[in-house]
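Thank you all for coming. Please take a moment to look at the model before I begin, and keep it in view while I talk.

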Amino acid sequence: MRLSIFIVLLLLSHVTALTEKEARFTPVGEKITLTPAKYHKQTRDTKHTSSHTEELYAPTNELGGIRYKRQSNDMTVEDNHTYYLSTFYPSESGVLNQLWVDLTLNTSHHVLLSDSYLMYLTIPFELPFYGHLLDQVAITTAGFISTFTSPHPYLHLTQYIAPYSADFNPSQDSESKIYYLLEEERIIVLWDKLTLNGRSQMGFFTFEAIVYKNGTIQFLYKDIPGLLNETSSSNYTSLIGVADAFLADLLDTRVIYNYHRVRLGEGMRLGGTVYQLDPIQNCVSADSWESCQNVSCYSSFSCGWCATLQRCSDGIDRHRQSWVDEGCSQTDSLTCESTLPLYPRRHIGWILGVLVLILLCVIGMVVFIVIGVILCIVKRHMKRKVVEVNKYANM
């Protein structure tokens, strides 16, 4: 079953082998058991559906593949990406000045990442990301926050919160610095005056990411020279957005399945602008049968409740492997008319055992009572016989 599921995934998705150039950024000190040549990457973007069958490659005049609509009462632009709702605030809105946090005033939060590429952070709260709760992230020099759970060479392509992921090199300019601040309700990371690797003449990039405890993400752009596509190189494709993936073993190959991503900022001048991503409740965020049904009933997700794992899912998330291994992929999707089962399937065995035990106890008690009654009747009858015999003997 496990093998057949992933064969179907491979047939339905376009698999591209990632070259060594694409995997040039590797976490320092981390070892991958399989060589990069044995890795493959599956990607599929989705829009307005959790069936994960609609491919999404956005033209530059669209955000995330869904044509945006300008609101009549303000200058914001809203867009739905299934897992997140994005809001774009242009420079004229003044939102940047309201939200910007100048971390350069506190040099104690300066991160020296010129030679190590990334640094792990244990965050003071559980961060919901695509419904999954994270307690650790990693800051990178490449302009993104990594949200991976298992290290692999393709962090910049699969699991990230990326205000501006590009081929930056902080070591080539002494003014380039990275700052961070951990608070009880949010994480703030500032990439200050970064320059592109080998192309410092293009200018400084200064931008910030703020990630809140409730899962809301903000990208703030102070100085961004040029367009996003102009910063890409043959070694690195620049991007803005969020993405998540799961890892699975197929024979001797480790497959990275990029089940969803949000791409932003194509063809736009970003200096002075802000993006905000608000999470949309999905199957993974539901923690009970009732909440799972609500998500499935009132959203675009088709959720199923797996009694064995006590988990809600549409089968495509970071826990895909355990969902398949435990047979949850055969779980029917919940609808508004679904009724709560009397008991979870995983409890049927011991419930039947308890019922049998109770039945045996009842039968034993009945037999014991019947035997007791019979013995009492026999004893009384024998006692009467003895009395009669004694009576006749005395006559």
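Let me begin with one residue, Y221, which touches L96, P163, Y164, T206, F207, I240, L270, G271, G272, T273 and Y275 when residues up to four places away in sequence are left aside. Please keep in mind that what you see is a predicted model, and that every contact I mention is computed from that model.

Y221 belongs to the largest nonpolar core, which has 55 residues, and it is among those with the most contacts inside this core, together with Y164, W191, F219, V242 and L270. Strand β7, which covers residues 118-129, gives the largest share of this core, namely five residues. Apart from this core lies another one, of 13 residues, including Y179, L181, I188 and L220. As a general remark, nonpolar side chains in soluble globular proteins tend to be buried together.

Now let us step back to the whole chain. Its secondary structure comes to six helices and 19 strands, and 47% of its 395 residues are buried. If we take the contacts with a separation of 6 or more, 62% of them are between residues 24 or more positions apart. The chain exposes about 20,300 Å², and carbon and sulfur atoms supply 56% of that area.

Among the helices, I would like to point to α4, residues 289-298, which is mostly covered, since seven of its 10 residues are buried. The buried ones are W289, S291, C292, Q293, V295, S296 and C297, and what covers them includes the strands β18 (304-306) and β19 (311-313).

How many cavities of 30 Å³ or more does the structure hold? There is one, and the largest cavity has a volume of about 30 Å³. Its lining is formed by Y83, N282, C283, V284, F301, D314, I316 and D317, which divide into five nonpolar residues, one polar and two charged.

Finally, let us turn to N214, in the loop between β13 (205-212) and β14 (217-223). Is N214 buried or exposed? N214 counts as exposed because its relative accessibility is 51%, and the cut-off for exposed is over 50%. Even so, N214 touches P128 and P279, again not counting residues up to four places away in sequence. The C-alpha atoms of N214 and E126 are separated by 8.9 Å, although these two residues are 88 residues apart along the chain.

Notes. Residues numbered from 1 in each chain as written. Predicted model: local features only at pLDDT ≥ 70, side-chain atom pairs only at ≥ 80, totals over all residues. Heavy atoms only, no water. Core = buried A, V, L, I, M, F, W, Y, C linked by side-chain atoms within 4.5 Å. Buried < 20%, exposed > 50% of the residue type's maximum accessible area, 1.4 Å probe, protein only. Helix = DSSP H or I, 4+ residues; strand = E, 2+ residues; numbered from the N terminus. Contact = heavy atoms within 4.5 Å. Areas by Shrake-Rupley, 256 points an atom, 1.4 Å probe, with all protein chains shown as cover. 1 Å grid on protein atoms, 1.4 Å probe; cavity = no way out; pocket = protein on both sides within 12 Å on 5 of 7 lines; lining within 4 Å. Points joined across faces, edges and corners; volume = space filled by probe spheres on them. Nonpolar A, V, L, I, M, F, W, Y, C, P; charged D, E, K, R; others polar.
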